[in-house]
Amino acid sequence: MRKLDKSTTFRSIVALALMSWALPASAGDAAAIDAGCVDCHGADGLASENLNAPVIAGMPAAHIEEAIYAYRDGARQCRFEPMMCETVLHTSDERIADLAEYYAALPRDSSRECYDAKLAFRGKEVHERLCSGCHLKPDDDGVEDALGIPLHGQRGAYLRYALESYMDGRREKLLEAMARKLAELEKGDIDALVNYYASY
Ligand code: HEC
Ligand code: HEC
């Protein structure tokens, strides 16, 4: 993809703002600009400009809301970007619903990262054994019923950080069933999983 310069970014933000004005059906895109989410996650939800921020495009709206509330009530803590937690603290519930709907409707593109094929192969086995019951691949049937947030195509640095945060307690494990699976991970498995999800 072409690298956007500042003025192009500005033009697309203006275009987006105008679009939202012309299409009152979605309050989310205007809200995303207003609330400052685009600064880190981008208007496309791919966070191409902030490599610490996760891809949130195409994530089910319910998960986006759940995650934001987890940051608000402290079940998730911000390590890289205190601004993220600061921002959502001042975002109204109604706006969170609009934002979740907006980002959920965007196409989820692969993060196109480099990965190690051997590690990815090992990661696939770990995923299928411990994680695939809840975290489906985008083309699996029944995506609507998936319990967990999509992991395939998520940015590697973020996944590593999220997994390490669950392991060292900076993130509450909201689901006992996932906590049990995480406890089964062996040395090197996180590395393998991160490479597998990046390979997608
Ligand atoms: C200063 C940059 C920044 C801003 C502004 C920001 N975020 Fe984030 N966001 C992040 C980072 C970095 C993370 C990863 C978590 C962390 O730091 O703990 C994150 C995590 C998330 C997650 C969790 C995703 C997942 O995979 O679980 C969601 C959802 C999210 N942000 C939505 C939003 C929304 C909606 C807004 C606007 C109200 C917003 N963010 C504003 C940087 C930002
Ligand atoms: C019983 C269902 C279940 C299983 C099994 C499960 N998860 Fe999860 N996972 C969830 C749910 C629900 C969430 C969202 C709530 C939360 O943050 O705890 C989640 C969140 C996550 C996140 C945070 C994603 C993000 O974008 O912030 C990661 C990373 C993750 N899981 C990895 C794994 C891995 C790796 C495994 C296998 C070792 C696994 N999970 C097994 C249900 C599950």
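What pLDDT does the protein chain average? The answer is 82, and 80% of the residues score at least 70. Keep that in mind as you look around, since this is a predicted model.

**Stop 1: the whole chain**

Start by selecting the protein chain and showing it as a cartoon. You should find 10 helices and zero strands, so the pattern along the sequence reads α-α-α-α-α-α-α-α-α-α. The chain has 200 residues, and buried ones make up 25% of them. Consider the contacts with a sequence separation of 6 or more: residues 24 or more positions apart account for 67% of these.

Now colour by confidence. Helix H1 (residues 6-22) has the lowest mean, at 45, while H7 has the highest, at 96. Select residues 1-25 next: pLDDT stays under 50 over this stretch, for which the model has 14 contacts beyond four places in sequence. Where pLDDT is low, the predicted coordinates should not be read in detail.

**Stop 2: ligand 1 and its shell**

Select ligand 1 and display what surrounds it. There are 24 residues around this ligand, and Cys37, Cys40, Glu81, Met83 and Met84 come nearest. Helix H3 (37-41), helix H4 (61-72) and helix H5 (82-89) are the elements that each give two or more residues to this shell. Colour the shell around ligand 1 by class and you will see 16 nonpolar, five polar and three charged residues.

**Stop 3: H4 against H5**

Stay with two of those helices. The axes of H4 and H5 cross at roughly 100° and come within 9 Å, which makes H4 roughly perpendicular to H5. To see the contact itself, select Ile68, Tyr71 and Arg72 on H4, then Met84, Cys85, Val88 and Leu89 on H5. Six residues of this contact are nonpolar, none is polar and one is charged. Met84 is a handy landmark here: this residue takes part in the contact with H4 and is also among the residues that come nearest to ligand 1.

**Stop 4: Ala32 and Ala47**

Move to Ala32, which sits in helix H2 (residues 28-34). Is Ala32 buried or exposed? Ala32 counts as buried because 25 C-beta neighbours lie inside 10 Å. Leaving aside neighbours within four places in sequence, Ala32 is in contact with Cys37, Val38, Ala43, Leu99 and Tyr102. Draw a C-alpha to C-alpha distance from Ala32 to Tyr102: the two are 8.1 Å apart in space, though 70 residues apart in sequence. Cys37, one of the contacts of Ala32, also appears among the residues that come nearest to ligand 1.

Then select Ala47, in the loop between H3 and H4. Check the backbone here: phi is near 50°, a positive value in a residue other than glycine. Ala47 has 21 C-beta neighbours inside 10 Å and therefore counts as buried.

**Stop 5: ligand 2 and its shell**

Select ligand 2. Which residues come nearest to this ligand? Among the 22 residues around ligand 2, they are Cys131, Cys134, Gly148, Ala177 and Met178. Three helices each supply at least two residues of the shell: H7 (117-131), H8 (156-168) and H9 (176-183). H9 gives the most, with four residues. By class, the shell around ligand 2 holds 17 nonpolar, three polar and two charged residues.

**Stop 6: H7 against H10**

Follow H7 to its contact with helix H10 (residues 189-198). The two pack at an angle of about 100°, with their axes 7 Å apart, and are therefore roughly perpendicular to each other. On the H7 side, select Leu119, Ala120, Arg122, Gly123, Lys124, Val126 and His127; on the H10 side, select Asp189, Asp191, Ala192, Leu193, Asn195 and Tyr196. The contact of H7 with H10 divides into six nonpolar, three polar and four charged residues.

**Stop 7: Leu159**

Finish at Leu159, in helix H8. Leu159 counts as buried because 20 C-beta neighbours lie inside 10 Å. Not counting residues up to four places away in sequence, Leu159 touches Leu151, Gln154, Val194 and Tyr197. For one last distance, pick Leu159 and Asn52: C-alpha to C-alpha they are 9.9 Å apart, with their positions 107 residues apart in sequence.

Key
Residues numbered from 1 in each chain as written. Chains lettered and ligands numbered in written order. Predicted model: local features only at pLDDT ≥ 70, side-chain atom pairs only at ≥ 80, totals over all residues. Near = placed C-beta within 6 Å. Nonpolar A, V, L, I, M, F, W, Y, C, P; charged D, E, K, R; others polar. Axes fitted to C-alpha atoms, helices over the stretch in contact; angles between N-to-C directions. Parallel < 35°, antiparallel > 145°, perpendicular 65-115°, else oblique. Contact = placed C-beta atoms within 7 Å. Buried ≥ 20, exposed ≤ 12 C-beta atoms within 10 Å, placed from the backbone. pLDDT = per-residue confidence, 0-100.
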